[in-house]
Amino acid sequence: MEVLGQDITGFMPHETAHLIGYVSQQPENSFVADTVEDELAYSLEQLGIAPTEMRHRVREIAQYFGLELLLQTPLTNLSGGQQQRVAVAAAIAAGQKLLLLDEPTSALDAESSAATLDLLRRLSKERGVTILIAEHRIERLLEQVDSVVVVNGDATVSKSTPFDAMHSEDSWFTSRNAKNFPTETTPTSSAVLEIRDLCVTYPNARAIDSVSLKVHSGEILGVVGANGSGKSSLLWAIQGTGLRTSGVVETQLGDPRTMKPAERLALVTLVPQNSSDLLFLSTLGDELNESDAFAKVPTNSTSNIFSALAGRVNPALHPRDLSSGQQLALVLALQLVKNAQIILLDEPTRGLDYVAKQNLARQLSQLKSQGKAILIATHDQEFLSQLADRTLELSAGKFIGEAQ
Ligand SMILES: Nc1ncnc2c1ncn2[C@@H]1O[C@H](COP(=O)(O)OP(=O)(O)O)[C@@H](O)[C@H]1O
Ligand SMILES: [Mg+2]
């Protein structure tokens, strides 16, 4: 394998760090320093760049990336988009000419995603950086990239142009805008869930501000909005535990917030954004079996949902050793098998590949036809456009209208 004319076969990552910048899927987990300045400096320090030169580079790179006013800011106080920018800046601070990014927009809202892609475009044009992006949410990307490599299911690859990729007959891109799934529009039944004047208050913020909403049996409702707009808080408030809320939450069985745990679990299920928090057994197989027993469903029920989403995976693996997409598939299976009437999904496509996403869409449309009420909070408009009966947009804790 050659990079810039140099054979790097068998090299360790630190031996190619001066040539190749890498930004992981969750940059916030890879930061080593506390502030933006220290993070940028650290990546230069690692490459043995002298202190004076280093300070000069940090200033230059901060200006280029629009980070000069954030240099002293703790990384944890940055928005997702800003963190992404710092990660990219750190990755190429030493003049690396090849930049690899793993799903750089999967955790970002539409606006931050577009800004990130603009920035990458600029880097390639102005600084001659070659950029390789691994991504399955290709909609926005196709307009920005010069070529596309499709990694097929059998691990072979085929090269294509963005235009061909978008228009090829048998390509997996073609169904991206199609409504593949039945979406009977007029719900006849009464509301399964009704919220009135719901507020969620944290010690120093009101995350949901007097929101009212009805969701019907057999309805899939999308909730979109920028990072921090309140999507996760809304779902947790409906689920009924762990938050300070006020206002009315009504279901056919009562208010989830005041129910006994067993009743609540049968009524409403939540797949949280940090879904791996729900995995605590030591193998995948244990999680699947335990889940069947807990939900009192036939053997392999959970496993069937899981493999429909993730394919065959060795059940002896530790849940923490699964990929983030597989972990999510597992938590989806654990939660969907409970057969709750109200299903809340927080960013359920994060890290799922195209096939897994289509399988999830299929599962959800099945649940819809069984009369479940499903709420999906996501940045993935593509996914919602296939599936949602309506999509509401949250901004600063209020619904500001229907999206789409
Ligand atoms: N545990 C928490 N403690 C304090 N504030 C929080 C907490 N969780 C979320 N918030 C704040 O509530 C608002 C909404 O956050 P969240 O519901 O996570 O939005 P979203 O899911 O749309 O990104 C944000 O301003 C966020 O900073
Ligand atoms: Mg959220």
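Contact, in these exercises, means heavy atoms within 4.5 Å. The structure you are looking at is a predicted model. Let's work through it together.

## Exercise 1: A leucine in a loop

**Task.** Find where L108 lies, decide whether L108 is buried or exposed, and list what L108 touches.

**Solution.**
- Step 1: Locate the residue. L108 sits in the loop between β4 (98–102) and α6.
- Step 2: Judge the burial. Buried means under 20% relative accessible area. L108 has 3% relative accessibility, so L108 counts as buried.
- Step 3: Look for partners. Setting aside residues up to four places away in sequence, L108 touches G80, G81, Q84, S113, T116, N227 and H379.

## Exercise 2: Two packed helices

**Task.** Describe how helix α4 and helix α6 pack, and say which residues make the contact.

**Solution.**
- Step 1: Recall what is needed. Two packed helices are described by the angle between their axes and the distance between the axes.
- Step 2: Read off both values. Helix α4 (residues 51–64) and helix α6 (residues 110–127) meet at an angle of about 120°, and their axes are 12 Å apart.
- Step 3: Name the arrangement. Angles of 65 to 115 degrees count as roughly perpendicular and those over 145 as roughly antiparallel. The angle of about 120° falls in neither group, and α4 and α6 are therefore oblique to each other.
- Step 4: Find the residues. From α4 come E60, I61 and Y64, while α6 supplies R122, L123, E126 and R127.
- Step 5: Sort them by class. The contact of α4 with α6 has three nonpolar and four charged residues, and no polar ones.

## Exercise 3: The magnesium ion

**Task.** Which protein atoms are donors of the magnesium ion (ligand 2), and where in the chain do their residues lie?

**Solution.**
- Step 1: Identify the donors. They are OG of S232 and OE1 of Q273, lying 2.1 to 2.3 Å from the ion.
- Step 2: Place them. S232 belongs to helix α8 (residues 231–239), whereas Q273 is in the loop between β12 (268–271) and α10 (284–295). The two are 41 residues apart, and the pair links distant parts of the chain.
- Step 3: Check the exposure of Q273. Its relative accessible area is 36%, so Q273 is partly exposed.

## Exercise 4: A three-stranded sheet

**Task.** Work out the strand order of the sheet that contains β8, and find the helix that packs on this sheet.

**Solution.**
- Step 1: Give the order. Three strands form an open, antiparallel sheet, β9-β8-β11.
- Step 2: Find the edges. β9 (205–216) and β11 (245–251) are the edge strands, and each pairs on one side only.
- Step 3: Add the turn. Direction ignored, neighbouring strands of this sheet are turned by 5° against each other on average.
- Step 4: Add the helix. α8 packs on the sheet and touches β8, β9 and β11, with its direction at about 120° to that of β8.
- Step 5: Zoom in on one pairing. Strand β8 (residues 191–202) pairs with β11 over six bridges, and the partner of C199 in β11 is S246.
- Step 6: Look at S233, which lies in helix α8. S233 is buried, with a relative accessible area of 8%. Residues up to four places away in sequence aside, S233 touches V200, Y202, A207, I208 and L243.

## Exercise 5: A six-stranded sheet

**Task.** Describe the sheet that contains β10, and say how β10 is covered.

**Solution.**
- Step 1: Give the order. This open sheet has six strands, β12-β13-β14-β10-β15-β16, with mixed pairing.
- Step 2: Find the edges. β12 and β16 (398–402) each have a single partner strand, so one side of each is left without a neighbour in the sheet.
- Step 3: Add the twist, which averages 20° from one strand to the next.
- Step 4: Follow the pairing of β10. Four bridges join β10 to strand β14 (residues 373–377) in parallel, with L221 opposite L375. β10 also pairs in parallel with strand β15 (residues 390–395) over four bridges, where V223 has L392 as its partner.
- Step 5: Compare the faces. In a regular strand the side chains alternate between the two faces of the sheet. In β10, I220, G222 and V224 lie on one side and L221 and V223 on the other, and all are buried.
- Step 6: Finish with A377, a residue of strand β14. A377 has 0% relative accessibility, so A377 counts as buried. Neighbours within four places in sequence aside, its contacts include V223, L235 and L345.

Conventions: Residues numbered from 1 in each chain as written. Chains lettered and ligands numbered in written order. Predicted model: local features only at pLDDT ≥ 70, side-chain atom pairs only at ≥ 80, totals over all residues. Heavy atoms only, no water. Donors = N, O, S within 2.8 Å, 3.2 Å for Na, K, Ca; no water. Buried < 20%, exposed > 50% of the residue type's maximum accessible area, 1.4 Å probe, protein only. Axes fitted to C-alpha atoms, helices over the stretch in contact; angles between N-to-C directions. Parallel < 35°, antiparallel > 145°, perpendicular 65-115°, else oblique. Nonpolar A, V, L, I, M, F, W, Y, C, P; charged D, E, K, R; others polar. Pairing = 2+ DSSP bridges.
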